[in-house]
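Work through the exercises below with the sequence and the model open beside you. Try each task before you read its solution.

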Amino acid sequence: MDLASRVLDGDRRAVARLMSKAENEAPGVKKILAELHNHIGNAHIIGITGPPGSGKSTLVDKLTLEYRKQGKTVGIIAVDPTSPFTGGALLGDRIRMNEIALDKEVFIRSMGTRGHLGGLAKKTGDLVKILDAFGKDIILVETVGAGQSEVEIVGTAYSTVIVEVPGLGDDIQAIKAGILEIGDIFVVNKSDLDGADETARELDAMLDMNSNNLDWRPPILQTRAKDGNGISQVADALNDHMVHMKETGILYKLVRARTKDELEEIISENIRSYIDGTHGEEELEELVDRIMDGELDPYNAAEIFLKPFTG
Amino acid sequence: MEKKIRVLIAKPGLDGHDRGAKVVARALRDAGMEVIYMGLHQTPERIVEAAIQEDVDVIGLSLLSGAHMTLFPDVIELLEENDADDIIVLGGGIIPDKDVEGLKEKGVRMVFGPGTPTDEIVEYIEQNVKVAR
Ligand SMILES: Nc1nc2c(ncn2[C@@H]2O[C@H](COP(=O)(O)OP(=O)(O)O)[C@@H](O)[C@H]2O)c(=O)[nH]1
Ligand SMILES: [Mg+2]
């Protein structure tokens, strides 16, 4: 059986292998992803972002337990930074995911960013697709958690959860500026520590000022992820958000816009590889010669080159 | 893109510190590998499940507790059951010389004693993963 059929058949090893191929941009992987295309679009894709140590992995662990109680299957992608100097990465999110590690309906995969910026790896989107085709009801994506530039998750998830901790004090303005617009749900984790109410109030006040979000007011929830407190409320809020997205048609628009982005990207990748390929290279050299001979200008040469695409 | 070597590092058993395992994990990372670090108190079932999901080339198990004669073979047996015995299993920690041969017979590819220079481990993995692929 080929890899795509094995993935659709529920083979965990095939899923893991295909993920590696996607990450490594192995030859032939696009064809396999194409075969999976008709089987995606059923999962609720959820991004979990926030500073390092705020409890993202712990929250993922406990949310997964909650979803499993509801009978839903879960896929998890946890992204950690790759060292820019050595290319290596220490992927440690599994340490916090012990309770769910043996559940056959849960699939956890760790990823290094491999030089990609924005909080995700370049191929995180492909791994999400694979989990979606694999049939997971819920897909949780934990981002790197390095800072304010981590907005890429909003381009992948349907719902984004921002995890904060108490005691940010005066820093809160600066920290929140970039994330207010991307959060669909705010979680103040470690509510056992001092200042959780205050942090929640400050967030609330800032959301009041942020008029971008008129149709969905992000809830602010307090959790003690380590002990599983407040987790079912987070799952409920996520469910509400998904229902809202569906009912208002926002989800359809979102998926359509992403599909367009993706198509554009694939097209430009293909054109790039046409240019870099042997045929393209030969024709390019020929056109350069004609420009050098004064026979052509670069503008018309480009049009000649693009004839196969422009018809 | 060049295929990165992926290694799972875990510490099965009950003993409560993982300094050695962490040192090795960092050394492998510094050598450009992706290291999935699972930490303490791991069971063979969890280790094998994680190794499959993470599609690793190598599992490195560190052990001090003396239960190595059952834990290592359990991992290997589970890998076989899951058709995943192409994954290289390495051992580290304090393992008596007399047991090393027995472990190798059961399928543990190499055992690194305490104080093995990390370079040696890095080199072993790089060479053997290349062969396995
Ligand atoms: N006090 C307290 N600590 C927590 C809570 N949730 C998680 N932690 C701890 O915070 C630390 C970081 O958690 P982790 O999930 O790895 O955070 P991440 O880096 O955001 O993924 C760990 O030591 C957790 O045990 C909580 O609700 N209260
Ligand atoms: Mg984490």
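A polar contact is a pair of N or O atoms within 3.5 Å; within protein, one of the two must be able to donate a hydrogen and the other to accept it, and residues adjacent in sequence count only if both atoms are side-chain atoms. The model is predicted, so local features need pLDDT of at least 70 and side-chain atom pairs count only at pLDDT 80 or more, whereas totals for chains, interfaces and linings use all residues. Residues are numbered from 1 along each chain as its sequence is written, chains are lettered from A and ligands numbered from 1 in the order in which they are written, and side-chain values use heavy atoms, with hydrogens and water left out.

**Exercise 1. The surroundings of ligand 1**

Task: Find which residues come nearest to ligand 1, and which backbone atoms lie close to its oxygen atoms.

Solution. Begin with the residues around the ligand, where a residue is near a molecule if one of its heavy atoms lies within 4 Å of it. There are 16 residues around ligand 1, and those that come nearest are Gly53(A), Lys56(A), Thr58(A), Arg96(A) and Asp192(A).

Next, look for polar contacts with the backbone. A backbone N or O atom of Gly55(A) is 3.0 Å from an oxygen atom of ligand 1, a polar backbone atom of Ser57(A) is 2.9 Å from an oxygen atom of the ligand, and for Ala225(A) the corresponding distance is 3.0 Å.

Finally, consider how much of the ligand is covered, using accessible areas from the Shrake-Rupley method with a 1.4 Å probe (for residues, only the protein chains shown count as cover). Ligand 1 taken alone exposes 580 Å², of which the protein buries 80%.

**Exercise 2. Two threonines in loops of chain A**

Task: Decide whether Thr73(A) is buried or exposed, do the same for Thr143(A), and find a polar contact of each side chain.

Solution. Fix the terms before starting: helices (H or I, at least four residues) and strands (E, at least two) are DSSP runs numbered from the N terminus, while buried means under 20% relative accessible area, exposed over 50%, and partly exposed in between (1.4 Å probe, protein chains only).

Thr73(A) sits in the loop between α4 (56-69) and β2 (74-80) of chain A, and because its relative accessibility is 13%, Thr73(A) counts as buried. A polar atom of the Thr73(A) side chain lies 3.4 Å from the backbone oxygen of Gly135(A). If residues up to four places away in sequence are not counted, Thr73(A) touches Arg68(A), Glu105(A), Gly135(A), Lys136(A), Asp137(A) and Ile138(A), where contact means heavy atoms within 4.5 Å.

Thr143(A) belongs to the loop between β5 (138-142) and β6 (159-164) of chain A. With a relative accessible area of 1%, Thr143(A) is buried, and its side chain makes a polar contact of 2.9 Å with that of Thr49(A).

**Exercise 3. A covered strand**

Task: How many residues of strand β4 of chain A are buried, and which way do they point?

Solution. Strand β4 (residues 106-112) of chain A is mostly covered, since seven of its seven residues are buried. In a regular strand the side chains alternate between the two faces of the sheet. In β4(A), Val106(A), Ile108(A), Ser110(A) and Gly112(A) point one way, whereas Phe107(A), Arg109(A) and Met111(A) point the other way.

Now look at a partner, remembering that two strands pair if DSSP finds at least two bridges between them. β2(A) and β4(A) run parallel and are joined by seven bridges, and Ile77(A) stands opposite Arg109(A) in β4(A).

**Exercise 4. A sheet with strands from both chains**

Task: What is the strand order of the open sheet of six strands, and which strands stand at its edges?

Solution. The order is β3(A)-β2(B)-β1(B)-β3(B)-β4(B)-β5(B), and the pairing is parallel. β3 (89-91) of chain A and β5 (110-112) of chain B stand at the edges; each has a single partner strand, so one side of each is left without a neighbour in the sheet.

For one pair within the sheet, strand β3 (residues 58-63) of chain B is joined by six bridges to strand β4 (residues 88-93) of chain B, and Val58(B) has Ile88(B) as its bridge partner in β4(B).
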